[in-house]
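I opened the model and kept a short log of what I looked up. The entries follow below the structure.

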Amino acid sequence: MDNKTRRDQGLAYISDQSILEEQLKTKRAIRQYNESMPFDIKQGMKCLKEAGIQHKGNMYFEPPFHCEYGTHIQLGENFYANAYCTMLDVGKITIGDDVMFGPHVSLYTAGHPIHPQSRKSGYEYGIPITIGDRVWIGGNCVVMPGVSIGSDSVIGAGSIVTKDIPAGVVAAGNPCRVLREITEEDRKYYYKDRIFDDEIWETVKNTK
């Protein structure tokens, strides 16, 4: 079994020349994206297409952005990532619709063995990450290999997400843990105890 097949099946693999060539092709395209955006959006979107990122439409990475392969990233509609987003997409990264990332959010599907001798062998791995619809991940968060985050959840800034997070909750911390459920009562607040004013409340409450 070649290393590409091993990698894509979630098995331990070695980054041989064929894999490095894939990465270099993507890194050229992403470097051009970072140099083009936000001043030449047409060129920037062309670069993401060359990198092989799959999406339903309307995606934006505030530069700089980094990924390993691109072809292992699948985005829903209306995706936004603030500056310094990193996606180590050795394993597949699947993200739903209307997802937002704060600055310095990192998704790590990649990893290395814990034991020093095993690690010295050069073998590594990639385990998929899945993020549902309408998720907001705050700045400086790290999502670790194999994690799933349910739809409508919010991950507080600075969190290290090591285990699955269910849908519809606020979670935060290192390691990240569920703090509470999100309820209908939350709809009228835009920050902590600050309530939307009457001028925009009609728009907010009718947003689906």
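These notes cover the nonpolar core, one residue inside it, a strand residue and a surface patch.

**Core.** I am working from a predicted model. I looked up the largest nonpolar core, and it has 39 residues. I then asked which residues have the most contacts inside this core. They are F61, F65, M87 and F101. Next I checked where the largest share of the core comes from. Strand 3, residues 73–81, supplies that share with four residues.

**F101.** I listed its contacts, leaving aside neighbours within four places in sequence. F101 is in contact with F79, Y80, A81 and N82. Its other contacts are C85, M87, I95, L107, I131 and I137. M87 also appears among the core residues with the most contacts.

**A110.** I found A110 in strand 8, residues 110–111. Is A110 buried or partly exposed? Its relative accessible area is 21%, and buried means under 20%, so A110 counts as partly exposed. I set aside residues up to four places away in sequence and looked for what A110 touches. The list is L88, V90, Y125, G126 and P145. I also took one distance, C-alpha to C-alpha: A110 and D186 are 36 Å apart in space. In sequence they are 76 residues apart.

**Surface patch.** I looked for nonpolar residues on the surface and noted a patch of Y80, M100 and W136. Together they have about 300 Å² of accessible area. Y80 is also one of the contacts of F101. W136 lies in strand 11, residues 136–137. W136 has 45% relative accessibility, and exposed means over 50%, so W136 is partly exposed.

Key. Residues numbered from 1 in each chain as written. Predicted model: local features only at pLDDT ≥ 70, side-chain atom pairs only at ≥ 80, totals over all residues. Heavy atoms only, no water. Core = buried A, V, L, I, M, F, W, Y, C linked by side-chain atoms within 4.5 Å. Buried < 20%, exposed > 50% of the residue type's maximum accessible area, 1.4 Å probe, protein only. Helix = DSSP H or I, 4+ residues; strand = E, 2+ residues; numbered from the N terminus. Contact = heavy atoms within 4.5 Å. Patch = residues over 30% accessible without salt bridge, like charges linked within 9 Å, V, L, I, M, F, W, Y side chains within 5 Å. Areas by Shrake-Rupley, 256 points an atom, 1.4 Å probe, with all protein chains shown as cover. Salt bridge = Lys/Arg side-chain N within 4 Å of Asp/Glu carboxyl O.
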